[in-house]
Protein chains: 2
Amino acid sequence: MSKTAWSEKPSDLNRLKPGFKLKDVDPGSTPGINATKRSGTALRLKQEGTLRELQGKLFADSTVGGKGSLLLVLQGMDTSGKGGIVTHSLAGMSASGVMVHGFKAPSPEEKKHGFLWRVRKRLPEPGMVGVFDRSHYEDVLAARVRHLADPKTLDRRYHQINTFEQQAADNGTKIIKVMLLMSEEEQRRRLVARLRRPSKLWKYNPSDVDDRELWRQHQEAYQIALERTSTHHAPWYVVPADHKWYSRLAVQQIILETLQELNLDWPRPDYDLADERMRVAGT
Amino acid sequence: MSKTAWSEKPSDLNRLKPGFKLKDVDPGSTPGINATKRSGTALRLKQEGTLRELQGKLFADSTVGGKGSLLLVLQGMDTSGKGGIVTHSLAGMSASGVMVHGFKAPSPEEKKHGFLWRVRKRLPEPGMVGVFDRSHYEDVLAARVRHLADPKTLDRRYHQINTFEQQAADNGTKIIKVMLLMSEEEQRRRLVARLRRPSKLWKYNPSDVDDRELWRQHQEAYQIALERTSTHHAPWYVVPADHKWYSRLAVQQIILETLQELNLDWPRPDYDLADERMRVAGT
């Protein structure tokens with residue numbers, strides 16, 4: 001099903017290429033698929049079972065010593081849909097195998113340590129799917145835009161991030177980094193909507209507009225961060241996010257393809273199958 | 001919808017009553033609802049959105065200082081369907097707000113502490129839904145059946161559990177304790193099936209049959225534990241589980257009703273709404 005719906009794999013299409021420029025990507029586009037909101041959403045719901053099976057295999061493999069895990073790093077401006085990705089792109093997976101962590105501004109305790117200290121503690125265990133809703137990238141994004149770190153420190157951090165992610169990959173963690181790319185105009189629409197719906201008012205923070213007023217600076221910070229930290233072992237995917245049905249489907253598909261590439265199978269029993277069948281039959 | 005489908009609320013129906021006897025409950029029954037596997041499953045899927053909204057309110061409330069959280073404790077013999085409850089009864093909720101912990105035999109480090117030490121660390125934070133897949137109840141169930149603790153210690157543990165749960169409830173945690181009640185014959189069928197499906201073989205452990213051979217002792221241990229620890233602040237629900245569609249739907253419904261009783265609403269904004277609407281419009 002998924003093989004035919006996509007004209008090109010979103011894991012290739014949205015993956016960062018050399019010479020990439022953020023401003024060349026249209027946040028309102030839906031690359032690689034000829035679908036509508038309705039058919040795209042239907043496809044996503046249909047694929048939930050496949051996602052559950054792949055997650056099951058990842059988890060099962062860890063019970064026989066497999067070290068594999070998955071880490072999804074989500075970045076994007078406010079209202080770009082990070083929360084919706086967690087709810088909808090991961091739907092179908094069992095909550096037993098998923099650990100989501102939202103990174104806020106570091107606490108006084110966390111500030112005493114290097115910026116990766118608190119992140120390392122949240123890396124997924126073998127068999128698990130970890131999700132970072134914002135991440136260590138804020139330390140080169142917000143930190144750059146708001147001048148929370150000097151240029152030398154920022155420069156060092158890109159290297160530290162690459163080393164950190166390389167280590168995690170070497171330990172068996174497949175890393176998918178997603179930037180949800182939304183247009184400035186679409187953010188305005190979403191903020192207006194957020195301020196009109198009682199169920200959304202609590203999500204609004206006046207500081208969202210402060211960030212918005214630094215839109216260009218944020219885009220620059222993203223461009224630099226993406227260029228410097230998209231690696232073979234931890235690639236960035238820039239996913240157009242003005243259409244939520246598309247970003248949710250594309251991220252689900254990238255996760256599906258990444259898990260499929262692990263080529264995991266159900267573990268073989270370490271007990272004597274014939275014996276145990278007899279034992280059970282006799283009880 | 002749910003109000004009409006149930007002839008009696010499963011939160012009343014399956015809740016432990018004084019004089020309760022485990023052997024009086026039919027594991028193959030589907031009390032309180034006139035439904036089939038198909039219609040029961042359809043109802044469960046239909047209610048996922050309601051569950052998501054209620055979880056959203058619980059989480060939102062915590063962002064303005066609310067202390068409420070939910071804890072679902074799952075107990076039952078092997079193959080009684082605890083994992084399926086996590087996957088299906090909680091489906092619809094955002095993984096951001098759910099923390100599942102499976103309790104295994106305690107580690108050497110954990111054994112150095114009281115039996116509730118490791119459990120306390122897993123209590124849900126405000127706004128979160130915590131799930132225990134097995135729990136501190138193993139310390140009065142397996143511990144009793146396998147004589148891992150002397151009678152005096154066991155006796156003390158029921159009190160300790162009640163005090164512990166009372167404290168958690170006082171701190172804002174709504175506690176739902178579910179025993180999935182399956183018949184001995186149904187377990188045999190499920191173990192046979194588990195040993196026939198490549199996707200299930202890894203879940204089988206030869207010790208499952210050892211436990212099965214102590215069926216009567218387990219039922220006795222459950223009877224005592226349920227009697228002694230079903231309290232107003234942390235009630236037990238005994239849910240017939242030979243029909244998975246029923247147990248998944250009934251647990252979803254108990255969660256729904258429990259969350260509805262919290263009567264939570266979306267938080268009111270702590271900023272000036274008119275001002276912020278103007279600000280956003282001006283960007």
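This short talk walks through the interface, the cavities, a pocket and the salt bridges of a predicted model.

Good morning. Keep in mind throughout that the model is predicted. Let's start where the two chains meet.

How many residues of chain A are in contact with chain B? The count is 40 residues of chain A, and they touch 40 residues of chain B. The area buried between chain A and chain B is about 3,700 Å². Carbon and sulfur atoms give 65% of that area.

Now the polar side of this interface. Between chain A and chain B there are 14 residue pairs in polar contact, counting pairs with both residues at pLDDT 80 or more. Which elements of chain A give two or more residues to the side that touches chain B? Five are helices: α4 (48-62), α5 (82-89), α10 (184-194), α11 (206-212) and α14 (273-281). Add the strand β2 (98-102) of chain A, and the list is done. Of these, α14(A) gives the most, with six residues. Sort the side of chain A that touches chain B by class, and you get 23 nonpolar, eight polar and nine charged residues.

Charges also pair up across the interface. The rule finds two salt bridges between chain A and chain B. One partner pair is A:Asp210 with B:Arg279. Find their closest N and O atoms: they sit 2.7 Å apart.

Next, the enclosed spaces. Searching the whole structure turns up two cavities of 30 Å³ or more. Take the largest cavity. It holds about 40 Å³ of space. Its lining comes from B:Ser80, B:Gly81, B:Gly84, B:Ile85, B:Leu180, B:Lys244, B:Ser247 and B:Arg248. Two helices of chain B, α5 (82-89) and α13 (244-261), each supply at least two of the lining residues. Which one gives the most? That is α13(B), with three residues. By class, this lining has two nonpolar, four polar and two charged residues.

Now the second largest cavity. About 30 Å³ of space lies there. Look in chain A for its lining: A:Met77, A:Ser80, A:Met179, A:Leu180, A:Leu181, A:Met182, A:Trp215 and A:Gln219. Two elements of chain A give two or more of these residues, β4 (173-181) and α12 (215-229). Strand β4(A) gives the most, with three. How many charged residues line this second cavity? There are no charged residues; the lining has six nonpolar and two polar ones.

On to an open space, the second largest pocket. It offers about 570 Å³. Its lining takes in 29 residues. Which of them lie nearest the centre? From chain A, they are A:Ala91 and A:Gly92; from chain B, they are B:Glu48, B:Ala91 and B:Gly92. So both chains are at work here, as the elements show too. In chain A, α3 (37-46), α4 and α5 each supply at least two lining residues. In chain B, α3 (37-46), α4 (48-62) and α5 each do so as well. The pocket lining divides into 14 nonpolar, nine polar and six charged residues.

Last stop: salt bridges over all chains. The structure holds 35 of them. Here is one inside chain A. A:Lys57 forms a salt bridge with A:Glu53, and the closest N and O atoms are 3.6 Å apart. Where do these two residues lie? Both are in helix α4 of chain A. They are four residues apart, about one turn of the helix.

That's the tour. Thank you.

Notes. Residues are numbered from 1 along each chain as its sequence is written. Chains are lettered from A and ligands numbered from 1 in the order in which they are written. This is a predicted model: local features need pLDDT of at least 70, side-chain atom pairs count only at pLDDT 80 or more; totals for chains, interfaces and linings use all residues. Side-chain values use heavy atoms; hydrogens and water are left out. Contact means heavy atoms within 4.5 Å. Buried area is the accessible area (1.4 Å probe) that two parts lose on being put together, summed over both. A salt bridge is a side-chain nitrogen of Lys or Arg within 4 Å of a carboxyl oxygen of Asp or Glu. A polar contact is a pair of N or O atoms within 3.5 Å; within protein, one must be able to donate a hydrogen and the other to accept it, and residues adjacent in sequence count only if both atoms are side-chain atoms. Ala, Val, Leu, Ile, Met, Phe, Trp, Tyr, Cys and Pro count as nonpolar, Asp, Glu, Lys and Arg as charged, and the others, Gly among them, as polar. On a 1 Å grid over the protein atoms alone, a cavity is a set of points where a 1.4 Å probe fits but cannot get out, and a pocket is an open set with protein on both sides within 12 Å along at least five of seven lines; lining residues have an atom within 4 Å of a point. Grid points are joined across faces, edges and corners, and a volume is the space filled by probe spheres set on the points.
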